[in-house]
Amino acid sequence: MNQDDLIKEIGHIRSMMEKSSKFISISGLSGILIGLYALLGAALAYIKIDGIQSGLDYQERTIDKSTVTFLILLALAVLAASLLTGIWMAGRKARRIKQSIWNVTSRSLLFALAVPLVTGGIVCIIWVIKGYYMLVASTLLVFYGLALTAGSVYTFKEVRWLGLLEIMLGLLALLLPGYGLWLWAAGFGLLHMIYGFIVYKKYE
Amino acid sequence: MALDLSLYDKVFENRVRLQVMSILVANDEYDFNSLKELLEVTDGNLASNLKTLEKEGYITVEKRFIDRKPNTRYRRTEQGKKAFENHLTALESLIRQQGR
């Protein structure tokens, strides 16, 4: 065997180890879109809560029942749009790189994501029932960050950094509940867009 | 460094076997259909190479049924992992040898 054969041989090994254990069909562009949806959602929430005229400073807010319902529906709409976009674009990318979208790695990734996400979702429902609305934004950020950190084992390593940053923003939001919406917009909007851009540049 | 060819493993000269072993070293277990999809090979080709690896004692086979469909899973053995690592070392030293 000559040098080129050997290097090719090691290339086969590397690509199989990587392909079999990491789901790499996540689309960077979908990250950017999801970030946009989150920013749009945050803007709508901001207008609904504070009106267009209010300032950007720290605020203690009191919100009524109908506003809470509006915010929950808004959050669910953003979530649904994000999931659909993410899955659809992952499917497209999977076809392009000839990886199937439902395989060992995507199942492992989903399971790793689901445990912290479902837990966080339930915690948020409990907060809403108990009326601790100001804890929702920070709880979502923290658990979403934990989910990403757990799932990062099965996909791009950039996801781990995204997760850690989300956790930090979430903890910050816990300290400064009045800035919850801003930190939420930064975490789900800005960070997703930056992450999506990096993945797009690097892998697509 | 002396060229140590004793670590070179003829079993892994076949690309399918080498790739199957790479997958089973990177993952605790993998099923037949997922292997087939990843390697893009025919059932017969994959099955016969898996048989060889099993005979060598490099992998273990576990047959079960999920929704009444057969689902065969494969795992590496300690011996298989060791053989794979040795083979990598042999490839590395071959490259180093030729690089000089």
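A surface patch here is made of residues with over 30% relative accessible area and no salt bridge (a side-chain nitrogen of Lys or Arg within 4 Å of a carboxyl oxygen of Asp or Glu), with nonpolar side chains (Val, Leu, Ile, Met, Phe, Trp, Tyr) joined within 5 Å. This is a predicted model, in which local features need pLDDT of at least 70 and side-chain atom pairs count only at pLDDT 80 or more. Residues are numbered from 1 along each chain as its sequence is written, and chains are lettered from A.

Let's begin with chain A. A nonpolar patch on its surface includes Leu73(A), Trp102(A) and Leu110(A), and its residues together have about 890 Å² of accessible area (Shrake-Rupley method, 1.4 Å probe). Helix α3 (residues 65–96) of chain A gives the most to this patch, with six residues. Helices are DSSP runs of H or I with at least four residues, and strands are runs of E with at least two.

Here are two residues of chain A that are partly exposed, that is, between buried (under 20% relative accessible area) and exposed (over 50%).

| Residue | Place | Relative accessible area |
|---|---|---|
| Ile101(A) | loop between α3 and α4 (104–130) | 34% |
| Ser15(A) | helix α1 (residues 3–21) | 34% |

Now for chain B. Its helix α3 (residues 43–56) has 14 residues, and its end C-alpha atoms are 20 Å apart, in agreement with the span expected at 1.5 Å a residue (1.5 Å times one less than the number of residues). Leu46(B), Asn49(B), Leu50(B) and Leu53(B) are buried in this helix. Seen down the axis, these buried residues fall within an arc of 105°, so they line one face of α3(B). Just after the helix, Gly57(B) takes a positive phi of about 85°.

Technical notes. Side-chain values use heavy atoms; hydrogens and water are left out. Buried means under 20% relative accessible area, exposed over 50%, partly exposed in between (1.4 Å probe, protein chains only). The arc is that of the directions from the helix axis to the C-beta atoms. Patches are made of residues with over 30% relative accessible area and no salt bridge: like charges are joined within 9 Å, nonpolar side chains (Val, Leu, Ile, Met, Phe, Trp, Tyr) within 5 Å.
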